[in-house]
Amino acid sequence: MSIPTENVGSLPRPAKLQAAIADYDAGKITKEDLKVEQDAACKDSIERMEATGAPIVSDGEQRASSFATYPLADTLAGTGLADNLAGDGQYFAIFTDGHHRQLPRLTGGPFKYKTYAADYLKEAVKMADKPLKQAVIAPSMLSLLYPLDGEIEGYTREQFLGDLVDECEKDIRLCFEAGAKRVSIDFTEGRLACKNDPRNPWTGRKMLDSFVELNNRVIDRFSPEERKNIGIHTCPGGDCDSTHSDEVDYADMLPSMFKMNAGYFLIQLASEKDKEYVYKLCGEHSREDANGVPQVCFIGVINPLNPTVETPEQVRDDLVTAAKYIPVERLGSTDDCGFSPFSVDVKPKHGSPDAARDIAFQKIESRVKGTQMASEQLGVA
Ligand SMILES: [Zn+2]
């Protein structure tokens with residue numbers, strides 16, 4: 001069997017779609033008008049991703065406000081915010097270039113998703129010829145909706161976490177029911193949890209192990225057969241061509257991450273300074289048997305924050321090196337992150353979101369070609 005390859009999820013939204021989102025927030029156009037632009041962007045994303053030769057594709061998350069807030073609001077500005085939420089929650093992250101992203105704040109219970117990822121997937125399956133993957137948000141990220149200190153009157157933290165685990169399980173199950181072949185859980189907050197940024201208090205609370213435990217409360221509800229197709233994505237963030245936690249040593253995070261009983265991991269790696277060090281950590285800490293499933297390590301071979309397109313030969317060489325440390329039957333390739341996890345992203349280093357889309361498809365094509373070359377070189381084609 002050749003080495004599998006899979007994207008994380010998002011693509012930059014076309015400039016036209018980003019303009020429509022702004023018009024929708026300003027009340028100038030209706031939700032139906034916005035949907036016309038989202039439909040066009042999804043169709044273009046799926047068709048162009050299929051044309052790269054990728055064996056599995058996504059809609060590029062063109063309908064989502066962001067990878068983290070899609071269940072909660074129609075747009076990043078907060079239009080259509082779900083019940084029991086206010087806009088002024090804690091920071092999710094403060095990025096290296098100085099910008100930040102903020103989460104909503106829970107004001108009461110019960111906690112319910114307004115939108116499930118499968119709502120997007122049901123539209124995407126009508127447009128796709130190839131199998132689809134869908135990314136969903138981790139319960140650990142959404143646990144940050146609850147105030148860091150104190151309790152909400154009439155809705156304890158434990159009640160909230162119970163509702164959250166139910167909603168996350170439902171989000172994943174609905175994706176499979178709607179036809180997803182694979183579902184990956186975005187866990188960008190894992191590496192951030194190892195950082196202690198006084199401007200962002202939750203990062204100093206050593207929450208990584210409780211995040212892992214919470215996520216396993218969801219993952220462990222699935223059978224080994226289902227968990228083969230449930231993944232976890234880790235990265236140091238990727239927004240406006242900037243990161244939030246790339247200085248955190250992976251040795252502080254990966255041993256905990258692999259305690260999650262998922263069947264595969266999409267691991268940012270192309271932009272690491274010392275890739276072999278991380279391949280070795282993956283080889284040491286990923287498990288042959290995670291409660292009935294082998295853990296497959298999809299290593300990042302494409303950097304979505306850098307407009308320079310990697311060559312297929314570079315991709316091949318990364319995989320061949322990684323195979324020194326990770327058994328080839330548990331090796332895959334991926335992009336370091338989604339190409340635009342947040343809907344409003346001008347992709348400054350790329351010149352424009354439309355230019356960044358063109359580059360993204362070239363990068364995906366290199367990943368696909370290079371992975372095939374590595375499969376041949378490693379004798380698994
Ligand atoms: Zn990411």
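**Reading strands, helices and a zinc site**

Author: Let us start with one pair: Ile185 sits opposite Ile232 of strand 7. Keep in mind that this is a predicted model.

Reader: Happy to. Which strands does strand 7 pair with, and in which sense?

Author: Strand 6 (residues 182–186) runs parallel to strand 7, and 4 bridges join the two. Strand 8 also pairs with strand 7 in the parallel sense, again over 4 bridges. One of the bridge partners to look for is Tyr264 in strand 8, which is matched with Gly231.

Reader: How should I read the two faces of a strand?

Author: The general idea is that side chains in a regular strand alternate between the two faces of the sheet. In strand 7, Ile230, Ile232 and Thr234 point one way, while Gly231 and His233 point the other way.

Reader: How many residues of strand 7 are buried?

Author: The count is 5 of 5, so strand 7 is mostly covered; a residue is called buried when its relative accessible area is under 20%.

Reader: His233 caught my eye. Which protein atoms are the donors of the zinc ion?

Author: They are NE2 of His233, SG of Cys235 and SG of Cys337, at 2.1 to 2.3 Å from the zinc ion. Along the chain, their spacing reads H-x1-C-x101-C. Cys235 belongs to the loop between strand 7 (230–234) and helix 9 (254–257), and Cys337 to the loop between strand 10 (331–335) and helix 12 (353–377), so this pair ties together parts 102 residues apart in sequence.

Reader: Are those two cysteines buried or exposed?

Author: Both Cys235 and Cys337 are buried.

Reader: Now a helix, please. How do I find its covered side?

Author: An α-helix has 3.6 residues a turn, so residues three or four places apart point the same way. Now try helix 10 (residues 275–285), where Val278, Tyr279, Leu281 and Cys282 are buried. Viewed down the axis of helix 10, its buried residues fall within an arc of 160°, so they line one face of the helix.

Reader: What do the buried residues of helix 10 pack against?

Author: Their partners are helix 9, strand 8 (264–267), strand 9 (296–302) and helix 11 (312–322).

Reader: Which residues have the most contacts inside the largest nonpolar core?

Author: Phe111 and Met257 do, in a core of 94 residues. Helix 5 (residues 157–178) gives the most to this core, with 8 residues. A second, separate core has 6 residues, including Ala20, Tyr24, Leu34 and Ala41. As for Met257, its contacts include Ile232 and Thr234, as well as Phe187, Phe265 and Ile267.

Reader: What about polar residues? Where does Thr5 lie?

Author: Thr5 lies in the segment before helix 1 (15–25). With a relative accessible area of 8%, Thr5 is buried. Its side chain makes polar contacts with the side chains of Ser333 (2.7 Å) and Arg367 (2.7 Å). Among the residues Thr5 touches are also Pro55, Ile56 and Phe298.

Reader: And Ser66: which residue's side chain makes a polar contact with it?

Author: That is Thr69, with 2.7 Å between the contacting side chains. Ser66 sits in the loop between helix 2 (31–51) and strand 1 (85–86) and counts as buried, at 0% relative accessibility. Leaving out residues up to four places away in sequence, Ser66 touches Leu76, Pro341 and Phe342.

Methods. Residues numbered from 1 in each chain as written. Predicted model: local features only at pLDDT ≥ 70, side-chain atom pairs only at ≥ 80, totals over all residues. Heavy atoms only, no water. Donors = N, O, S within 2.8 Å, 3.2 Å for Na, K, Ca; no water. Buried < 20%, exposed > 50% of the residue type's maximum accessible area, 1.4 Å probe, protein only. Polar contact = N/O pair within 3.5 Å; in protein donor to acceptor, adjacent residues only side chain to side chain. Contact = heavy atoms within 4.5 Å. Arc of directions from axis to C-beta. Pairing = 2+ DSSP bridges. Core = buried A, V, L, I, M, F, W, Y, C linked by side-chain atoms within 4.5 Å.
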